[in-house]
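Here is a short briefing on one strand and on the empty spaces in a protein model. Keep the structure in view as you read.

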Amino acid sequence: MKIPVKRLLVPTLSADGKQKEPHYIAYTDWGDPQNPHIVVCAHGLTRNCRDFDYLARALQSDCRVICVDVVGRGQSDWLEHAHDYDYYPLYLSDAMSLIAHIQAQYATSVTLDWVGISMGGLIGWILAIQTAIPTPIHKLVMSDIGPLIPAVALKRIADYVGKDPRFDSFEAFKKYMKVISVSFGPLTEEQWDHMAIHSTREYADGSYGFRYDPKIAISFKEHEIKDINLWEQWDQLNIPTLVLRGIESDVLTAEIAAQMQVRGAKARIIELPGIGHAPMLMDDNQIKIVRDWLLSR
């Protein structure tokens, strides 16, 4: 089933305050476009919106599902200046522009839920505490991200993000992707194929590489890698929140998850065995967990 990709032109916020050319963000749009229950899905650091095809297919009869490519990833534009990827208000601005664009298609108010894997969950959570958000987020689902991100996990991620390797064949690319993504847990060959197809780009010389801008690694290169502490922001979150945690995760530890249950949103935590960072919401069990949560009263 071919899924059409839509594009939205949004302003480019920049830390230097200079006016930059606007950029396009891409997204897929599933389900009835008039359905007032909207679920926005946002992917992990180097991933793309097509990771959510399995979940969106399962939700589309009950919700309108918008799956977005974060700037610099998937089918969205790459930014001209690397340092703009290191400016987090840009990601919030893009998300707010998308929400405003969707809300403008309705004559009445909508119910907006957010599902995010890793970085996508972080964007949704920080978005949810913004007073200027065009439509408030009703429910939040986060896969394997929390208010304290350990330096050891960031160093592991920094080892491969932005390296821009090239491969002679699609199969070689897929093999490498599986190696660096082993913490996603057990996926079927069909799911690995799906991820690889939508994660690769073929270059003019016939080689294969990743479909994301290597410049997104700028923050790892420009800053000392140390724990990221966002407890102050977590304590501001007060909407129903579900967190899926890979039991083997080095990003969201059991200790951090335990604190998330009693602070801020007082999240419901579901732990998944045999998975590290991060549950990809592709298998039937994870999809059922998310679907039941979003559709419950």
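This model is predicted. Start at strand β4, where Trp30 stands opposite Val65. From there, the briefing moves to the pockets and then to the cavities.

**Strand β4 and its neighbours**

- Strand β4 covers residues 64–68, and 5 of its 5 residues are buried.
- Which way do the residues of β4 point? Arg64, Ile66 and Val68 point one way, while Val65 and Cys67 point the other way.
- In a regular strand, side chains alternate between the two faces of the sheet.
- Both sets of β4 residues are buried.
- Strand β2 (residues 23–30) is joined to β4 by 4 bridges, and the two run antiparallel.
- Strand β3 (residues 37–42) is joined to β4 by 5 bridges, and these two run parallel.
- One pairing to find is Ala42, whose bridge partner in β4 is Val68.
- Helix α1 (residues 53–59) belongs with β3 and β4 to a β-α-β unit. That unit is right-handed.

**The largest pocket**

- Rolling a probe the size of a water molecule over the atoms shows where empty space is left.
- The largest pocket holds about 1,200 Å³ of space.
- Its lining has 48 residues, and the closest to the pocket's centre are Leu45, Met119, Leu122, Ile149 and Ile228.
- Several elements give two or more residues to this lining: α2 (88–103), α3 (119–128), α4 (151–158), α5 (170–180), α7 (218–222) and β10 (228–229).
- Which element gives the largest share of the lining of the largest pocket? It is α3, with 4 residues.
- Sorted by class, the lining of the largest pocket has 30 nonpolar, 11 polar and 7 charged residues.

**The second largest pocket**

- The volume of the second largest pocket is about 160 Å³.
- Its lining is made of His37, Thr111, His138, Lys139, Leu294, Leu295, Ser296 and Arg297.
- At least two of the lining residues come from β6 (137–143), and at least two come from α10 (284–295).
- The classes here are 2 nonpolar, 4 polar and 2 charged.

**The cavities**

- How many cavities of 30 Å³ or more does a search of the whole structure find? The search finds 3.
- The largest cavity has a volume of about 100 Å³.
- Two residues from the pairing above, Ala42 and Val68, both line the largest cavity.
- Other residues in that lining include Ile25, Asp69, Val70, Val71 and Trp114.
- Tyr91, Asp94, Ala95 and Leu98 are also among the lining residues.
- Helix α2 gives the largest share of this lining, 4 residues.
- By class, the lining of the largest cavity has 10 nonpolar, no polar and 2 charged residues.
- The second largest cavity holds about 40 Å³ of space.
- Phe184, Gly185, Pro186 and Leu187 are among the residues that line the second largest cavity. So are Ile275, Met280, Leu281, Met282, Asp283 and Gln286.
- The lining of the second largest cavity has 7 nonpolar, 2 polar and 1 charged residues.

**What to find in the structure**

- Find β4 with its antiparallel partner β2 and its parallel partner β3.
- Then look for Val68, which is buried in β4 and lines the largest cavity.
- Last, look for α3, which gives 4 residues to the lining of the largest pocket.

Key
Residues are numbered from 1 along each chain as its sequence is written. This is a predicted model: local features need pLDDT of at least 70, side-chain atom pairs count only at pLDDT 80 or more; totals for chains, interfaces and linings use all residues. Side-chain values use heavy atoms; hydrogens and water are left out. Buried means under 20% relative accessible area, exposed over 50%, partly exposed in between (1.4 Å probe, protein chains only). Two strands pair if DSSP finds at least two bridges between them. A crossover is right-handed if, with the strands pointing away from the viewer, the path from the first strand over the helix to the second runs clockwise. On a 1 Å grid over the protein atoms alone, a cavity is a set of points where a 1.4 Å probe fits but cannot get out, and a pocket is an open set with protein on both sides within 12 Å along at least five of seven lines; lining residues have an atom within 4 Å of a point. Grid points are joined across faces, edges and corners, and a volume is the space filled by probe spheres set on the points. Ala, Val, Leu, Ile, Met, Phe, Trp, Tyr, Cys and Pro count as nonpolar, Asp, Glu, Lys and Arg as charged, and the others, Gly among them, as polar.
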